[in-house]
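I sat down with this model to look up its strand pairing, its charged pairs and its surface, and I kept notes as I went.

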Amino acid sequence: MAIEKFAETLLEKLRFITQAETVIGEPIQAGESTVVPVSRVSVGFGLGGHAGKGELTASGGGASVEPVAFLVIKGDDVRVMPITKDSSLVSKVMDIVPDVVNKFSGKKSGEV
């Protein structure tokens with residue numbers, strides 16, 4: 001494959017990975033609140049080639065998606081709840097809206 005075509009294909013795939021829906025996640029309805037996850041997307045890659053007697057093409061890269069915050073919307077109140085390095089994702093969600101956890105576990109708010 002020619003290096004130009006290879007680069008074009010790679011960039012198209014990267015465009016898909018870094019779309020807005022990856023950064024701002026799908027809203028989750030939890031009782032009266034809506035929780036929207038916010039992530040940081042990092043992408044890096046390298047590409048090289050040689051067109052000569054033997055055509056060579058090489059590439060390498062990586063991507064990461066890291067949750068960084070939640071938007072919590074309840075009525076007219078909107079809060080940004082950052083996720084810090086010392087807090088776990090699950091405990092942060094439980095602190096923000098216990099109904100989210102109950103929704104996934106099948107329990108109603110207040111049940112044990």
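The entries below follow the order in which I looked things up.

**Entry 1: what kind of model this is**

I note at the outset that this is a predicted model, and I read every value below as computed from it.

**Entry 2: strand pairing**

I began with the strands and followed their pairing along the chain. Strand S1 (residues 28-30) is joined to S2 by 3 bridges, and the two run antiparallel. I found Ala-30 standing opposite Ser-33 in S2. The connection is a hairpin with 2 residues between S1 and S2, and in its turn I noted Gly-31 with a positive phi of about 65°.

I then moved on to S2 and S3, where 18 bridges join the antiparallel strands. The hairpin that links S2 to S3 passes through 5 residues, and I marked His-50 as standing opposite Leu-56 in S3.

From S3 I went to strand S4 (residues 77-82), which is antiparallel to S3 and joined to it by 6 bridges. Here I recorded Leu-71 opposite Val-80 in S4. The hairpin of S3 and S4 has 2 residues between the strands, and Gly-75 takes a positive phi near 65° in it.

**Entry 3: Thr-34 and its surroundings**

Is Thr-34 buried or exposed? I looked this up after placing Thr-34 in strand S2. Its relative accessibility is 18%, and because buried means under 20%, Thr-34 counts as buried.

I next listed what surrounds Thr-34, leaving aside its neighbours within four places in sequence: the contacts are Pro-27, Ile-28, Gln-29, Leu-71, Val-72 and Ile-73. With Gln-29 there is also a side-chain to side-chain polar contact of 2.9 Å. Leu-71, on the same list of contacts, is the residue I had already noted opposite Val-80 in S4.

**Entry 4: salt bridges**

How many salt bridges does the count come to? I arrived at 3 salt bridges, and I took them one at a time. As background, I reminded myself that side chains of opposite charge can pair when their charged atoms come close.

In helix H1 (residues 3-17) I looked at Lys-5 and Glu-8, which both lie in that helix, 3 residues apart, about one turn of the helix. They form a salt bridge in which the closest N and O atoms are 4.0 Å apart. Lys-5 is partly exposed at a relative accessible area of 45%, whereas Glu-8, at 51%, is exposed.

Between strands, I found the side chains of Arg-40 and Glu-66 meeting in a salt bridge of 3.1 Å, N to O. Arg-40 lies in strand S2 (residues 33-50) and Glu-66 in strand S3 (residues 56-74), so this pair ties together parts that are 26 residues apart in sequence. I noted Arg-40 as partly exposed, with a relative accessible area of 44%, and Glu-66 likewise as partly exposed, with 32%.

The remaining entry in my list is Asp-77 with Arg-79, a salt bridge whose closest N and O atoms are 4.0 Å apart. Asp-77 has a relative accessible area of 41% and is partly exposed, and Arg-79, at 37%, is partly exposed as well.

**Entry 5: the nonpolar surface patch**

Which residues make the nonpolar surface patch of about 510 Å²? I listed Leu-11, Phe-16, Ile-17, Val-43, Phe-45 and Leu-47. The elements that give two or more residues to this patch are H1 and S2. I singled out Phe-16, which lies in helix H1, and its relative accessibility of 59% means that Phe-16 counts as exposed.

**Entry 6: Ala-20**

My last look was at Ala-20, which lies in helix H2 (residues 20-23). Is Ala-20 buried or exposed? Its relative accessibility is 54%, and because exposed means over 50%, Ala-20 counts as exposed. I also checked its separation from Val-41, a residue 21 places away along the chain, and the two C-alpha atoms are separated by 9.9 Å.

How values were computed
Residues are numbered from 1 along each chain as its sequence is written. This is a predicted model: local features need pLDDT of at least 70, side-chain atom pairs count only at pLDDT 80 or more; totals for chains, interfaces and linings use all residues. Side-chain values use heavy atoms; hydrogens and water are left out. Helices (H or I, at least four residues) and strands (E, at least two) are DSSP runs, numbered from the N terminus. Buried means under 20% relative accessible area, exposed over 50%, partly exposed in between (1.4 Å probe, protein chains only). A polar contact is a pair of N or O atoms within 3.5 Å; within protein, one must be able to donate a hydrogen and the other to accept it, and residues adjacent in sequence count only if both atoms are side-chain atoms. Contact means heavy atoms within 4.5 Å. Two strands pair if DSSP finds at least two bridges between them. Patches are made of residues with over 30% relative accessible area and no salt bridge: like charges are joined within 9 Å, nonpolar side chains (Val, Leu, Ile, Met, Phe, Trp, Tyr) within 5 Å. Accessible areas come from the Shrake-Rupley method with a 1.4 Å probe; for residues, only the protein chains shown count as cover.
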